[in-house]
Amino acid sequence: TSAWTHKDVNSERGSEQFVELGFAKEVFPRPKPIGTMRRVIELGTMPDEEAIILDFFAGSGSFAHAALQLAADNKRKLRTVSIQLPEAIDNESKESKAAFEFCKENSLPLNICSITRERLRRASTLLKSEPTTVDFDHGFKYFRLAGSNINQWKPDRTDLEETLLSHKEHLVEGRTEQDVLYELLLKRGIELTVPIEERQAAGKTIYSIGYGVLFACLDTSIAAADVDDVAQGILAWHKELDPETDTHVFFRDSAFADDIAKTNIAAILEQNGISHVRSL
C-alpha cells in the first residue's frame, strides 16, 4: 500500500501494464507500477538536468520502462542502468512455471534477466509506435559480468618454455570481438554507450569506437600482404572522422605472421599521425 493516492501508483496497475505488453500476468508477480517509478524519478531529479537512473534490482524492468516514458513525454535527459542477478527460472515451483514456459517459447535464457530485457524491448517498440515530437534513443545495451578477455600470465617456473608457448594466444578462447571491444572501452575509460561502427578493409573488420577515439582490428590473421590495405583503411576513416583527441589503434598480437608485419603496420600509421598503436 502506498501513501500516495494517485490512481497511477495503484499496485494492480503494475500488473495491468505488464499484461499490456503481451505478457501473461503470471510471468512476473506484482511488478511495480510505472506511475510509482515515474514519480520517484521526478522527485529525485532536476527536470532541466541530465540524470542517471540506477536500479540495483531491475526485476521486470518497471524503473527503466518509466524512464523511457519520461524521456518520450518530457524531453528528459535520462540514462538508466538496470542491474539484475541472473536468477535461474525452473519448472518446479508454481510461481515460476509461467516464466519458465515464456522463456522456452521465446528461446530466451532461463533467468529473470531475460524477462527484464524482453520487457524493455517491448516497451521500446510500443513507444516508437506512439505519436511524439520528441526524438530520443529507444535502444539499450545488455552486458553480462565476466572475467577479463586477456589470459592472465601464470608462469610455471618448472617449465618456462611450455608456459611461453601456451601464452602465444593472449586472448581467452571463445570470446567474441565484441567482448574484447567493450573491455577496451572499460580500460580506456570510454563510456559503454558510445557508438561502435564497422567497415571492411582487405576482408578484415575494422571497428571505430566513439567516432575515431579508438580503432580496432581484431581479426585472427593479418598477412603481410594485407598490412598496407588495413592501415590505409584505418587512415582513410580516421581522416574522415577527424577526432579531436589522440587516437589509439589495437590489433590482436597473434594475428600477425611475424614481428615484421606488426612493425610495418605500426610504422605506416605513425607516419600518418597515429602514434598510439597497441597489440593484445
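This tour moves through a predicted model, from a strand and its two hairpins to a serine in a helix and then to another helix.

**Strand S4**

Begin by selecting residues 204-209, which form strand S4; 6 of the 6 residues are buried, so the strand is largely enclosed by the rest of the structure. With side chains displayed, Lys204, Ile206 and Ser208 can be seen to point one way from S4, while Thr205, Tyr207 and Ile209 point the other way, and all of them are buried. This fits a broader pattern, in that the side chains of a regular strand alternate between the two faces of the sheet.

**The hairpin with S3**

Keep S4 in view and add residues 196-201, which make up strand S3 and pair with S4 in the antiparallel sense over 6 bridges. To place the register, select Glu197, whose bridge partner in S4 is Ser208, one of the residues that point the same way as Lys204 and Ile206. The two strands form a hairpin with 2 residues between them, and in that turn Ala202 has a positive phi of about 55°.

**The hairpin with S5**

Now add residues 214-217, strand S5, which pairs with S4 in the antiparallel sense over 3 bridges. Here the residue to select is Ile209, whose bridge partner in S5 is Leu214. S4 and S5 also form a hairpin, with 4 residues between them, and Gly210 in the turn has a positive phi of about 60°.

**Ser114 in H5**

Next, move to helix H5, residues 112-129, and centre the view on Ser114 within it. Is Ser114 buried or exposed? Its relative accessible area is 1%, and because buried means under 20%, Ser114 counts as buried. Displaying its surroundings brings up Cys103, Leu108 and Pro109, which Ser114 touches when residues up to four places away in sequence are not counted. A distance drawn from a polar atom of the Ser114 side chain to the backbone oxygen of Pro109 should read 2.6 Å.

**Helix H3**

Finally, select residues 62-74, helix H3, whose 13 residues should span 18 Å at 1.5 Å a residue; the end C-alpha atoms are 18 Å apart, which agrees. The helix is mostly covered, with 10 of its 13 residues buried, among them Phe63, His65, Leu68 and Leu70. To see what covers these buried residues, show helix H2 (34-44), strand S1 (51-55), strand S2 (78-82) and H5, which are included in the cover. Just after H3, stop at Lys75, which takes a positive phi of about 55°.

Conventions
Residues are numbered from 1 along each chain as its sequence is written. This is a predicted model: local features need pLDDT of at least 70, side-chain atom pairs count only at pLDDT 80 or more; totals for chains, interfaces and linings use all residues. Side-chain values use heavy atoms; hydrogens and water are left out. Buried means under 20% relative accessible area, exposed over 50%, partly exposed in between (1.4 Å probe, protein chains only). Two strands pair if DSSP finds at least two bridges between them. A polar contact is a pair of N or O atoms within 3.5 Å; within protein, one must be able to donate a hydrogen and the other to accept it, and residues adjacent in sequence count only if both atoms are side-chain atoms. Contact means heavy atoms within 4.5 Å. The expected span of a helix is 1.5 Å times one less than its number of residues.
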